[in-house]
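Me: I have a protein model open and I'd like to learn how to read it. Can we go through it feature by feature?

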Amino acid sequence: MTEVQVNYLHCFGDIIGPGRLLRPCGITTDESMNIYVAQGPAGRITKLDQHGKFLMRIGEGEGRWFRKVGKVGAPTGIAVDRAGDLYVADAKLNCVHRFDAQGGFVSSFGKPGRGDGEFKRCRSVRFDAAGYLWVVDARNNRIQKFDTEGTLLLKLGAYGKDEAGKGRFDNPSDIAFDQQGCIYVVDRSNNRVHKFDAQGNSILEFGQAGAEEGELMYPRGIALDREQRVYVVDVSGNCVQAFDTVGHPLFSFRGPKKWGGQLNQPYGITVDKQGRILVTDNHNDRIMVFAVS
């Protein structure tokens with residue numbers, strides 16, 4: 001693998017209090033480098049500043065009568081649009097929620113099912129460079145593309161266990177985009193990553209089950225940095241693996257060994273404006289922050 005220095009910087013996650021993280025899942029940042037963390041088991045989203053200071057909770061419900069308005073079920077994926085509005089994939093309620101920049105509920109779209117605009121355990125949401133929203137519809141083994149109002153524009157993928165190429169998924173979990181508009185989808189149960197062009201045509205796939213260089217075991221999150229390195233969260237390997245855009249392995253990292261600092265069942269990943277790599281360390285209830293030099 002490529003010789004690079006991956007520096008562990010610090011971790012976020014209060015032990016007690018409003019900033020406490022419980023089984024953090026998806027993660028993203030906004031233009032101000034604020035951090036948003038989806039916590040499926042806790043049924044909430046936590047917003048932190050770039051230093052990990054607690055700012056607010058989102059999705060716990062508004063109004064009277066059991067606070068049902070804007071109450072999320074099991075949020076696992078999260079994305080922020082150019083206006084600062086927040087979009088949340090709810091794996092329990094099978095819909096996407098929208099909140100404004102102040103955390104107020106705006107709307108939801110989607111419902112349980114297999115039809116267009118319907119979901120069966122939607123697990124992740126991501127915006128592409130053009131501002132379109134892509135939703136990982138995990139148990140329907142497909143990706144759906146929407147505008148910000150929830151109008152369906154494109155569907156990508158179909159079920160395929162261990163089948164090569166052609167957008168065949170088995171329980172996909174996350175999606176990312178490179179600077180050319182190509183699409184990368186984590187194919188979780190097939191232990192691989194698919195790459196498509198901007199029109200959704202299959203280009204290549206990389207990864208296979210295993211613990212050796214470039215192999216994956218139950219991958220979940222994915223993100224790219226400014227150097228176009230592709231970071232894939234390897235859950236069973238308790239590490240993050242980096243690849244180039246044609247699938248060649250570059251390096252991996254898992255955190256410092258001392259003081260219990262290594263990853264334990266990592267989940268989500270994002271890269272902020274400064275190039276920091278933020279990883280949700282699910283079983284340690286925290287976010288770990290790294291930088292590559």
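Reply: Here is a short walk through burial, salt bridges, the nonpolar core, surface charge and backbone angles. This is a predicted model, where local features need pLDDT of at least 70 and side-chain atom pairs count only at pLDDT 80 or more, while totals for chains, interfaces and linings use all residues. Residues are numbered from 1 along each chain as its sequence is written, and side-chain values use heavy atoms, with hydrogens and water left out.

Me: Let's start with burial. Is Gln39 buried or exposed?

Reply: Buried means under 20% relative accessible area, exposed means over 50%, and partly exposed is in between (1.4 Å probe, protein chains only). The areas come from the Shrake-Rupley method with a 1.4 Å probe, and for residues only the protein chains shown count as cover. Gln39 has 0% relative accessibility, so Gln39 counts as buried. Gln39 lies in strand E3 (residues 35-39); strands (E, at least two residues) and helices (H or I, at least four) are DSSP runs, numbered from the N terminus. Try finding Pro75 too: Gln39 and Pro75 are 36 residues apart along the chain, and their C-alpha atoms are separated by 6.0 Å.

Me: And what does an exposed residue look like?

Reply: Take Lys166, in the loop between strand E16 (158-159) and strand E17 (168-169). Lys166 counts as exposed because its relative accessibility is 74%. From Lys166 to Arg123 the C-alpha distance is 21 Å, with their places 43 residues apart in sequence.

Me: Next, salt bridges. How many salt bridges are there?

Reply: The general idea is that side chains of opposite charge can pair when their charged atoms come close. The rule used here asks for a side-chain nitrogen of Lys or Arg within 4 Å of a carboxyl oxygen of Asp or Glu. By that rule there are 16 salt bridges. One of them joins Asp137 and Arg142 at 2.7 Å, N to O, and both residues are buried. Another pairs Arg276 with Asp272, also with an N to O distance of 2.7 Å, and those two are buried as well.

Me: What is the N to O distance between Arg192 and Asp187?

Reply: Their side chains meet in a salt bridge at 2.8 Å. Arg192 counts as buried because its relative accessibility is 5%, and Asp187 is buried because its value is 0%.

Me: Which residues does Arg98 link up with in a network?

Reply: Asp85, Arg98 and Glu149 are linked in a network of salt bridges.

Me: Now the inside. Which residues touch the most other members of the largest nonpolar core?

Reply: In soluble globular proteins, nonpolar side chains tend to be buried together. A nonpolar core here is a set of buried Ala, Val, Leu, Ile, Met, Phe, Trp, Tyr and Cys residues joined through side-chain atoms within 4.5 Å. The largest one has 16 residues, and Tyr231, Val240, Phe253, Ile269, Ile277 and Val279 touch the most other members. Elements giving two or more residues to this core include strand E23 (230-234), strand E25 (249-253) and strand E28 (286-292). E25 provides the largest share, three residues.

Me: Where does Val279 sit?

Reply: Val279 is in strand E27, and it counts as buried because its relative accessible area is 0%.

Me: Back to the surface. Which residues form the patch of positive charge?

Reply: Arg114, Lys120, Arg121 and Arg139 gather there. Patches are made of residues with over 30% relative accessible area and no salt bridge, with like charges joined within 9 Å and nonpolar side chains (Val, Leu, Ile, Met, Phe, Trp, Tyr) within 5 Å. Arg139 is in the loop between strand E13 (133-137) and strand E14 (142-146), and it is partly exposed because its relative accessibility is 43%. Arg121 belongs to the loop between strand E11 (105-109) and strand E12 (122-127); at 35%, Arg121 is partly exposed too.

Me: Last one: how do I read the backbone angle phi?

Reply: Most residues other than glycine have a negative phi. Tyr218 has a positive phi of about 60 degrees although it is not a glycine. Look for Tyr218 in the loop between strand E21 (202-206) and strand E22 (219-224). Gln265 also has a positive phi, near 60 degrees, and its place is in the loop between E25 and E26.

Key: Lys, Arg positive; Asp, Glu negative; His and termini not counted. Charge placed at Lys NZ, Arg CZ, Asp CG, Glu CD.
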